[in-house]
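Let's take a walk through the pockets and cavities of this one. Have the model open so you can click along as we go.

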Amino acid sequence: MKQTYRIAVIPGDGIGPEVVDQGLRVLERVAERFEFGLDLERFPFSTEHWLASGEIFPDPAFQQVQQMDAVLLGAIGDPRAPVGQMERGIIGRLRWDLDLFVNLRPIKLLDERFCPLKGKGPAQIDMMVVRENTEDAYVQKPVFEDQGGPEEVASQAMLYTRKGTERVIRYAFEMAKSRPRRHLTLIDKANAVRAQDLYTRVFAMVAKEYPEVETAHLYVDAACMRMIESPESIDTAVTTNLFGDIITDLGAMLQGGMGIAASANLHPGKVSLFESVHGSFPQAAGKNIANPLATINAVALMLDYLGEKQASVAVEGAVTQLLQSPQLKSLEVGVHKTDELGDLVLAGL
Ligand code: IPM
Ligand code: MN
């Protein structure tokens, strides 16, 4: 019997709708070719929708999403809304309330010409960052005492739990074990943020169960340096939410920029969220100049998660082929049109 996947689609703000359109073209094409069904449900949640209706992400819609197999998200963020309101209300809510504890961010250079580092090529840049996705300062309440006053104190805790730490570290060991190099680096800042000693201890404990995985440790500042100086020294990496956010923007630049970096927000076995690493790029909205490859790569991650391995490999292959082809002149914004890149991926399929 033909399998049908229920997918929530949230195009969101800025360039989100345009890049999601291209992602859906690719998704629909592989569904036909690999013979699976799609039951797509579009949700309007975005800054525009909030301005018009006052709604950010209402509970009934959230409950509907919980019943689905996956969520494909464009981008969220718009200067017309208070800072962080939409990001936290939509992306944050999905990550936290769906308990998507893994934010998986591949950093893979596919063609040397897209790497800003001298003398580094695809053989040197192939990392898999496992970012914790449900804890850390992200989910803590900001506290402002004497707000605006001369004695103001502002705080937001970096809080980690044993359970939250252990599950993401276990996932990372499994990921490292499944990759050819079987190498896992813990990235933290336990020398300054002593609370991260929890990561140090749990990592050492879980490592004992994985003798086949070689381990390494880097403080996050040194990790940034290494990613530039010797990116080949990092294969799989596991890190906290905030540091994972920061180092994956750096990683995105190593692989060719924000236009192609994708991420999977996962809770294995449950509805999971797939999105680009980039933001909503409001200045480019509606101009057909944004790069849809990040969203198309997110579609590949989604297909893999859903168990449609062949379809996932086909999409990844088409993107790889395109990035390695002279047809793709540059990844600079505006060189290729959004729908033109979608056409090129479809042609490769
Ligand atoms: C990301 C984004 C988000 C984050 C923002 C939009 C809240 O930068 O997915 O990396 O910080 O996690
Ligand atoms: Mn980010």
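By class, how many nonpolar, polar and charged residues are in the shell around ligand 1? Keep in mind that we're looking at a predicted model. The shell has five charged residues, one nonpolar residue and no polar ones. Pull them up by name and you'll find Glu87, Arg95, Arg105, Arg131, Tyr138 and Asp245 surrounding the ligand. Tyr138 goes down as nonpolar because the classing used here puts Tyr in that group.

Now zoom in on the arginines. The side chain of Arg95 has an N or O atom 2.7 Å from an oxygen atom of ligand 1. Arg105 does much the same job of reaching over, with a side-chain N or O atom 2.8 Å from an oxygen atom of the ligand. Then there's Arg131, where a polar side-chain atom also sits 2.8 Å from a ligand oxygen. Taken on its own, ligand 1 has 310 Å² of accessible area, and the protein covers 74% of that.

Where does that leave the ligand among the pockets? The space it takes is the second largest pocket, so let's move on to the largest, with the ranking resting on how a pocket is defined on the grid.

The largest pocket holds about 610 Å³ of space. It is lined by 28 residues, and if you head for its centre, the closest ones are Pro106, Met128, Ala300, Leu301 and Glu316. Several elements each give two or more residues to this lining: strands E4 (102–108), E5 (126–132) and E11 (262–266), along with helices H9 (293–306) and H10 (309–323). Which of them gives the most? That's H10, with seven residues. Sort the lining by class and you get 18 nonpolar, six charged and four polar residues. Set that beside the shell of ligand 1, with its five charged residues and one nonpolar residue.

One last stop: the enclosed space. Counting cavities of 30 Å³ or more gives one, and the largest cavity has a volume of about 40 Å³. To find it, select Ile289 and Asn291, then the run Ser330, Leu331, Glu332, Val333 and Gly334, and finally His336 and Leu341, which together line it. By class, that lining has four nonpolar residues, four polar ones and one charged.

Definitions and conventions:
Residues numbered from 1 in each chain as written. Chains lettered and ligands numbered in written order. Predicted model: local features only at pLDDT ≥ 70, side-chain atom pairs only at ≥ 80, totals over all residues. Heavy atoms only, no water. Near = heavy atom within 4 Å. Polar contact = N/O pair within 3.5 Å; in protein donor to acceptor, adjacent residues only side chain to side chain. Areas by Shrake-Rupley, 256 points an atom, 1.4 Å probe, with all protein chains shown as cover. 1 Å grid on protein atoms, 1.4 Å probe; cavity = no way out; pocket = protein on both sides within 12 Å on 5 of 7 lines; lining within 4 Å. Sits in = over half its atoms within 2 Å of the grid points. Points joined across faces, edges and corners; volume = space filled by probe spheres on them. Helix = DSSP H or I, 4+ residues; strand = E, 2+ residues; numbered from the N terminus.
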